[in-house]
Protein chains: 2
Amino acid sequence: MTRVLVVDDEPQIIRALRINLKARGYEVEIAGDGAAALHVAAHFHPDLVVLDLGLPDMEGTEVIAGLRGWTTVPIIVLSGRAGSTDKVAALDAGADDYVTKPFGLDELLARMRAVTRRIQPSGLPSVEIGAHTVDLATRAISGDVRLTPTEWQLLEHLVRHPGKLITQRELLHDVWGPQYQTETNYLRQYMARLRRKLEHDPARPRHLLTEPGMGYRFQP
Amino acid sequence: MTRVLVVDDEPQIIRALRINLKARGYEVEIAGDGAAALHVAAHFHPDLVVLDLGLPDMEGTEVIAGLRGWTTVPIIVLSGRAGSTDKVAALDAGADDYVTKPFGLDELLARMRAVTRRIQPSGLPSVEIGAHTVDLATRAISGDVRLTPTEWQLLEHLVRHPGKLITQRELLHDVWGPQYQTETNYLRQYMARLRRKLEHDPARPRHLLTEPGMGYRFQP
DNA sequence: GACATTTTTGACGCGTTGTTGACGCGGCCG
DNA sequence: CGGCCGCGTCAACAACGCGTCAAAAATGTC
């Protein structure tokens, strides 16, 4: 579920966005001014920020700069001002997109999909397992460890959904193919190899956990 | 230097973009229709595509889909149509931004900076391999070494993403073409030649590494 | 047209990886 | 208390992928 922080001070826009975004499966948080935006962003950790420039307390570029100081979260700016000076200032301050009011809701949604698409698929490209750091994006592991292609595929499916239980059928289907959905011996074999290579104590795994009868789970 | 592919069929827009982009240090290539765009993109490997939707031969979304089939290069769409349907269609097809004509040049440039900022945090045109210094920009190598065109292309793809694993399919597709994606013998052949020419000890490469079953990686 | 360079194609040895079968252990249930 | 199922482990074999050598075909150059 994508987490969206909406920063705006106009009640009707807030209302419209909250209803429509929630209806489309987004998790929505609201901030009424720039100071609240920075505060909420630090705690809510949004996947996307929709920022109205006409805030009462701060300049829009200040808010953008304040966010960019510590996060690379995508920012879509809403603004009534259509002048190119404002657009350039906001974009160069670190915004990812600039939509002028009045805007079509479906256009805003499409732009939200476009900017999150770039960020989302990789999710968290880097995770920690035992003493090793695994980077999905570059397929690199700290230390002198090498994974085979199947080991990578298996690990990737588990790490992509941290904390979530993945059923054996699911893993077998996605890594080996539709016709292998009952060959659980493959899973036992390769989970053991992953633990030997990554876990500190392979006999007592702390991150690559078994859920007996169900499947496996990656615990960050 | 950022490489931009401009896809448009209106001479005055082409002219304006070419002059202004080159003046700002971009490397510009032009394609006059959709088919040419796909062809040029495959060889030029742009860092950014500026795509006009009013092409004579193909629908804009087709061009986007054709590019998205094998590359994640940022795409900024130019269009005379301001309807939200067109915008949503282009964005959901894989475009990163949508600018309606007439557009301000400074706005387009700001949007180009915004989308490339996400992709290219590092672009080192010069790297060290073994005892040699390789300069991508001028295609020069220190010492008495000369590379053939294919060797350059292959090396360039690896060096462009330092530390990242590049799959064999990716390399074969980008260097030889879409229909060679399984001819891994080419890769074996040319990686060996690159190592012979660049690595200190070709039998034990330290920068041009093999990831068995997956692909190759350039380690700075 | 002759030559050198580059690309393409084929084949082989060897190490690694994927696959398969078997065994022991522990928990769950009757 | 005893049997059964699922999980972890080990060992063995087959299959594949990589590096390498060699040579033919294509390309460019004079």
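Which side chain has an N or O atom 2.6 Å from a phosphate oxygen of DNA strand D? The points below take strand C and then return to strand D.

1. This is a predicted model, in which local features need pLDDT of at least 70, side-chain atom pairs count only at pLDDT 80 or more, and totals for chains, interfaces and linings use all residues. Residues are numbered from 1 along each chain as its sequence is written, chains are lettered from A and ligands numbered from 1 in the order in which they are written, and side-chain values use heavy atoms, with hydrogens and water left out.

2. DNA strand C is surrounded by 18 residues (near means a heavy atom of the residue within 4 Å of the strand). Among the closest are T150(A), T150(B) and R193(B). Of the strand C atoms within 4 Å of the protein, 72% belong to sugar or phosphate.

3. Phosphate oxygens of strand C have polar contacts (pairs of N or O atoms within 3.5 Å) in both chains. A polar side-chain atom lies at 2.3 Å in T150(A) and at 2.8 Å in W176(B), while for Y190(A) the distance is 3.0 Å.

4. DNA strand D has 17 residues around it, R188(A) and R188(B) being among the closest. Here sugar and phosphate make up 48% of the strand atoms within 4 Å of the protein.

5. The opening question is answered by T210(A), at 2.6 Å. Polar backbone atoms also reach phosphate oxygens of strand D, at 2.8 Å from G213(A) and 3.2 Å from G213(B).

Key
Polar contact = N/O pair within 3.5 Å; in protein donor to acceptor, adjacent residues only side chain to side chain.
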